[in-house]
Amino acid sequence: MPEEEHPVVASQAPGGGGATLPRTGMENDAAEEMQRPIKRPAEDDAEGLDAKRPKPPPSPIKWWEDKATTLLIGVRQEQATLYDPKRRSFHCCRGFERDVCEPAVFDHEEESTARIARPLDTIPDSKLDQLRLALNVIHVKVLASDVGFPVRVYGTVLMRDGLDFKCIYLFQRDRDNCQVISSPGEMLALTGPNRGPFEATTFYFEINLKIRGEEQIMDRIFCRTLIGQDYPLDQWTKKKQISSWLSTLEFAYRSVHYAVEATVGISILRGPRKFYGSLVACTSEDSNEMVLYDSERWGAVATYAADGSVALIRPLVVLREDEDLVLKVSSFGRGRRAKPKTNVLTVEHGDRSFNIRQGRYKLQVTISWSGILW
């Protein structure tokens with residue numbers, strides 16, 4: 001059989017001379033192999049992995065940036081919008097924060113149970129400058145009524161803050177437990193807040209008050225509106241009037257930086273079973289008074305429990321860390337002409353309890369302190 005022919009390629013002769021010798025077929029194959037690009041195993045593996053590796057999923061859309069959420073918020077705001085005949089315009093009566101309350105699941109009726117305050121004596125001095133901002137609600141007054149006085153008022157006044165945006169009730173009464181407002185300037189009997197309203201981009205006050213008629217079908221809207229208060233950079237006490245439907249109200253509240261909570265209690269150690277008296281609070285830096293209990297003004301006389309404690313209408317006050325709490329404790333005499341007897345207590349943050357004699361009573365006043373710290 002004829003031998004397979006290989007192409008002959010010239011190669012240089014040994015010794016570096018000018019003459020060249022023909023290459024054999026084996027030498028030619030070796031030369032071609034050396035000229036091929038060499039792939040490293042790692043590169044081969046990488047190409048294979050790239051071909052098999054799935055593409056990463058697209059970045060998830062935050063629910064508050066979703067177009068459907070924006071539309072749903074618009075729908076819920078529209079549902080909460082009413083025509084106010086006193087202001088002759090439409091107004092939304094509920095607060096909305098798109099990055100806090102997801103409209104598809106958020107319940108605007110749910111009461112806030114969140115707590116961030118901790119006992120003040122557990123907070124080291126080095127962290128006192130980290131105490132947060134809060135609002136202290138002083139009072140809500142009825143300045144005017146378009147239907148005259150007296151009026152029997154019921155409904156809700158509440159706040160929303162940046163902690164969970166749920167209801168912090170200031171006033172909450174149903175139709176069978178109305179408060180009678182007899183004259184201009186009378187205060188609503190506030191029962192809250194139950195915690196210091198925590199710092200927020202905007203604090204919201206929602207008012208939904210009605211006048212009770214002879215029949216439920218005759219009930220009328222007394223005030224239905226929304227108040228917004230932007231984050232307060234300075235410390236101040238503000239009194240804000242709002243006219244809505246059949247009323248004009250005054251809201252008084254104070255911005256408190258480096259805030260602490262004082263929870264006040266009263267126990268009867270000796271004396272009548274019912275407490276006829278009042279308890280009013282203010283601070284060493286702000287003389288505006290907050291009524292925590294008043295049996296004469298609101299006609300609610302508390303009967304002490306088995307341990308002697310009296311249920312206060314509103315037990316909590318928010319004040320600055322460097323302020324003192326001032327308490328005015330009064331007891332009323334048996335006759336209308338009897339002058340009330342009053343004790344004024346200046347309470348520092350280290351104080352926990354006082355025993356005082358107040359007319360027919362021997363009372364114990366207790367204070368528990370908490371710092372509003374995130």
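**Exercise 1. How many bridges join strand 17 to strand 18, and in which sense do the two run?**

Solution. Start with the terms. Strands are DSSP runs of E with at least two residues, numbered from the N terminus. Two strands pair if DSSP finds at least two bridges between them. Now take strand 17, residues 277–283. Four bridges join strand 17 to strand 18, and the two run antiparallel. Look at one position: Ala281 stands opposite Met290 of strand 18.

This is a predicted model, where local features need pLDDT of at least 70, side-chain atom pairs count only at pLDDT 80 or more, and totals for chains, interfaces and linings use all residues. Residues are numbered from 1 along each chain as its sequence is written, and side-chain values use heavy atoms, with hydrogens and water left out.

**Exercise 2. Which strands stand at the edges of the sheet 18-17-22-23?**

Solution. Read the order: four strands form an open sheet, 18-17-22-23, with antiparallel pairing. Strand 18 (290–294) and strand 23 (341–347) are at the edges. Each has a single partner strand, so one side of each lacks a neighbour in the sheet.

**Exercise 3. Which strands are the edge strands in the sheet 10-6-14-13?**

Solution. This open sheet also has four strands and antiparallel pairing. Strand 10 (186–187) and strand 13 (237–244) are its edge strands, each pairing on one side only. Next, go inside the sheet. Strand 6 (residues 134–145) and strand 14 (residues 247–256) pair antiparallel over 10 bridges. In strand 14, Ser247 is the bridge partner of Ser145.

**Exercise 4. Which strand supplies the largest share of the lining of the largest pocket?**

Solution. A pocket is an open set of points on a 1 Å grid over the protein atoms alone, where a 1.4 Å probe fits, with protein on both sides within 12 Å along at least five of seven lines; lining residues have an atom within 4 Å of a point. Among the lining residues are Arg94, His108, Thr156 and Glu206. Strand 7 (151–160) and strand 11 (202–211) each supply at least two lining residues. The largest share, three residues, comes from strand 7.

**Exercise 5. How many disulfides does the rule give?**

Solution. A disulfide is a pair of cysteine sulfur atoms within 2.5 Å. By this rule the count is zero. Take Cys93: the nearest cysteine sulfur, that of Cys92, is 6.5 Å away.

**Exercise 6. Is Cys93 buried or exposed?**

Solution. Buried means under 20% relative accessible area, exposed over 50%, partly exposed in between (1.4 Å probe, protein chains only). Cys93 has 2% relative accessibility, so Cys93 counts as buried. Cys178, at 18%, counts as buried too.
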